[in-house]
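Student: I have a sequence and a set of coordinates in front of me. Where do I begin reading?

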Amino acid sequence: MIYIGDNKTTGEIDSYSINTLNIPGIVLMENAARNFTGTIDTNLDNFLIVCGKGNNGGDGYAVARQLASLNKRVSVFSCETSDMSRDCQINYDICRNLGIPMENDISALEELIISHDVVIDAVFGTGLDKPLAAPYDKIINNINQYGKYIISVDIPSGINGSTGETAGIAVKADRTVSFVTYKQGFLNYSAAEFLGKIKVVNIGLPEHVIKKFSNTVLMDKKYINSLLIPRLKYSHKGNFGHTLIIAGSPGFTGAAVISANAAVKTGSGLVTLAVFHECLNMLSSCSPEVMTADLSDKNRLLDLLKKVNSIAFGPGLGNNPRTLELLKFILENSDVPMVIDADGINVLAEEPALLEKLKNRCILTPHLGEFARISGLSIEEISKDRIKAAKDFSKKYSVILLLKGYNTIITNECDVYVNTTGNSSMANGGMGDTLTGITASLISQKYTIFDSGKIGSFLHGYIGEKLSKKSFAVTAEDIIRNIPVYQKKLFL
């Protein structure tokens, strides 16, 4: 698994490795350089490595040696040649002893960059915590302006590893090869233009060491596969649960259909769609597999609340007093796990005291705007550190929070999982309703609420990615139709 860490995490892992495990820093640097070099296309040649004076620069000098040993054409530009860190100085001296061409005159940098096919940025690492001053602003400007292909060592110089904010200016990499962890700052949407494609490599540390300092994980297919609950060959529909979808209102019946059909296709044994009376005739034939119920029939609703295994509440219900009163009724008469989305979240924002009744039984699935309303934070505040905002909310109310968007965040207040699937081809109406139905269906099938959020978000995005290879836009209907196919591919 790939773990996510901020600047503090990076420092703690380095300190533990050196002081507790007794791995010399120079050995870690060598491992980093070797693994970095292993990610470079073997067809590339003619490299310029731009090195700072700290350990990131030391990594760069070590990379220069590794490339030279592969008979690549290598030159080095040294930003500073005094006051280097100890390990940086060692690798600098070795490069000089090997006769690797080295330059430190900034007036020559522009021509150097132009004359090389690849620029490797090893100026600053995660330790940078102040705005860039001369000559570094000019160095980075030259890299950005004249570099044909730029690879950053660990992090693009000028990016804050914790927040993703820039120090006034930052290298715009085509590729970033990050050591040990995926940097938390990479999750900041404003950092995306600087990162290019991201690859995380190890420096010789086993996973249990990294887990000591990070409980935030980038989900991948292998991890999702490990969560699978196998279906036994003698199982029947009763083994896969009954999902109740409470959704839709005049003008928004599509949200109800989408959520219900998504629950069916994800494998729920039974699905009932409960709707307001005026929508019942319209939706009674939305799908042959979906049963319907009238929300005005309280006896039928009470009976359902006793039988079902999960409830999806909110899509298309409307942000109004009727939805709020319906939610109160559900909470007073059921302790079934719930997925609350859309207008369910909007009415909760009007009466947050209801969140007390959702402790340890609910997953909320807001997008940024909905989360801003229910948390009281501005979108700008949330965007600066989505992980912290999500964890704080989850801890305060003891709910699972699934904060939607690019790199969706799912947290139970302690552990954080970040979804890497999905793309902008899915940016159209109904996608959130689809995810709601998928997640509720998984809960009915005896997955934990937390795991249902993780699997649901990954599966949802995974299907969208696969379909977008042949389609410019991917709709909710496209996703739903393909759930069984890609669910099987994901789990087998």
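Tutor: Begin with the surface. This is a predicted model, and the protein exposes about 20700 Å², of which carbon and sulfur atoms supply 51%. Along its principal axes the C-alpha trace spans about 85 × 45 × 45 Å.

Student: What share of the residues is buried?

Tutor: Buried here means under 20% relative accessible area. By that cut-off, 57% of the 492 residues in the protein are buried.

Student: How many helices and strands are there?

Tutor: The protein has 20 helices and 19 strands. Contacts tell you about the chain's path: among those between residues at least 6 apart in sequence, 72% join residues at least 24 apart.

Student: How do I read a sheet?

Tutor: Strands of a sheet pair through backbone hydrogen bonds, either parallel or antiparallel. Read off the order of the strands and the sense of the pairing. One open sheet here has 7 strands in the order E4-E3-E2-E5-E6-E7-E9, with parallel pairing. Its edge strands are E4 (102-103) and E9 (197-201), each of which pairs on one side only.

Student: How many bridges join E7 and E9?

Tutor: Strand E7 (residues 175-179) pairs with E9 over 5 bridges, in the parallel sense. As one example, threonine 176 has isoleucine 198 in E9 as its bridge partner.

Student: Which strands does helix H3 touch?

Tutor: Helix H3 (residues 55-69) packs on this sheet and touches E2 (47-51), E3 (74-78), E4, E5 (118-122), E6 (150-153) and E7. The direction of H3 makes about 160 degrees with that of E2.

Student: What is the order of strands in the sheet of 12?

Tutor: That open sheet runs E8-E1-E10-E19-E18-E17-E16-E15-E14-E11-E12-E13, and its pairing is mixed. E8 and E13 (290-294) are the edge strands, each pairing on one side only.

Student: In which sense does E1 pair with E10, and in which with E8?

Tutor: Strand E1 (residues 2-5) runs antiparallel to E10 (residues 216-218), with 2 bridges between them. Tyrosine 3 has valine 217 in E10 as its bridge partner. E1 and E8 (residues 182-183) run parallel, again joined by 2 bridges, and isoleucine 4 stands opposite tyrosine 182 in E8. In a regular strand the side chains alternate between the two faces of the sheet.

Student: How many bridges join E18 to E19?

Tutor: There are 3 bridges between E18 (residues 409-411) and E19 (residues 416-418), which run antiparallel. One partner pair is isoleucine 410 and tyrosine 417, the latter in E19. Elsewhere on this sheet, helix H14 (residues 343-350) lies across E14 (310-313), E15 (338-340) and E16 (362-364), and runs at about 85 degrees to E15.

Student: How do I check the length of a helix?

Tutor: Compare an expected span with the distance between the end C-alpha atoms. For the 13 residues of H4 (residues 86-98), 1.5 Å a residue gives 18 Å; the ends are 19 Å apart, so the two agree.

Student: Which residues of H4 are buried?

Tutor: They are Asp87, Cys88, Asn91, Tyr92 and Cys95. Seen down the axis of H4, these buried residues fall within an arc of 140 degrees, so they line one face of the helix. The face turned away from them carries the exposed residues Arg86, Arg96 and Asn97. The cover over the buried residues of H4 includes H2 (25-37), H3, E3 and E4. Just after H4, glycine 99 takes a positive phi of about 80 degrees.

Student: How many residues of H18 are buried?

Tutor: H18 is mostly covered, with 13 of its 14 residues buried. The length check can be repeated here: the 14 residues of H18 (residues 431-444) should span 20 Å at 1.5 Å a residue, and the end C-alpha atoms are 20 Å apart, which agrees. Lysine 446, which follows H18, has a positive phi near 80 degrees.

Student: Where is lysine 53, and what is it in contact with?

Tutor: Lysine 53 sits in the loop between E2 and H3. Its relative accessible area is 28%, so lysine 53 counts as partly exposed. Beyond its neighbours within four places in sequence, lysine 53 contacts Glu80, Ser82, Asp83, Met84, Ser85 and Cys88. Lysine 53 and methionine 84 are 31 residues apart along the chain, with their C-alpha atoms separated by 4.5 Å.

Note on methods
Residues numbered from 1 in each chain as written. Predicted model: local features only at pLDDT ≥ 70, side-chain atom pairs only at ≥ 80, totals over all residues. Heavy atoms only, no water. Helix = DSSP H or I, 4+ residues; strand = E, 2+ residues; numbered from the N terminus. Expected span 1.5 Å × (residues − 1). Buried < 20%, exposed > 50% of the residue type's maximum accessible area, 1.4 Å probe, protein only. Pairing = 2+ DSSP bridges. Contact = heavy atoms within 4.5 Å. Axes fitted to C-alpha atoms, helices over the stretch in contact; angles between N-to-C directions. Arc of directions from axis to C-beta. Areas by Shrake-Rupley, 256 points an atom, 1.4 Å probe, with all protein chains shown as cover.
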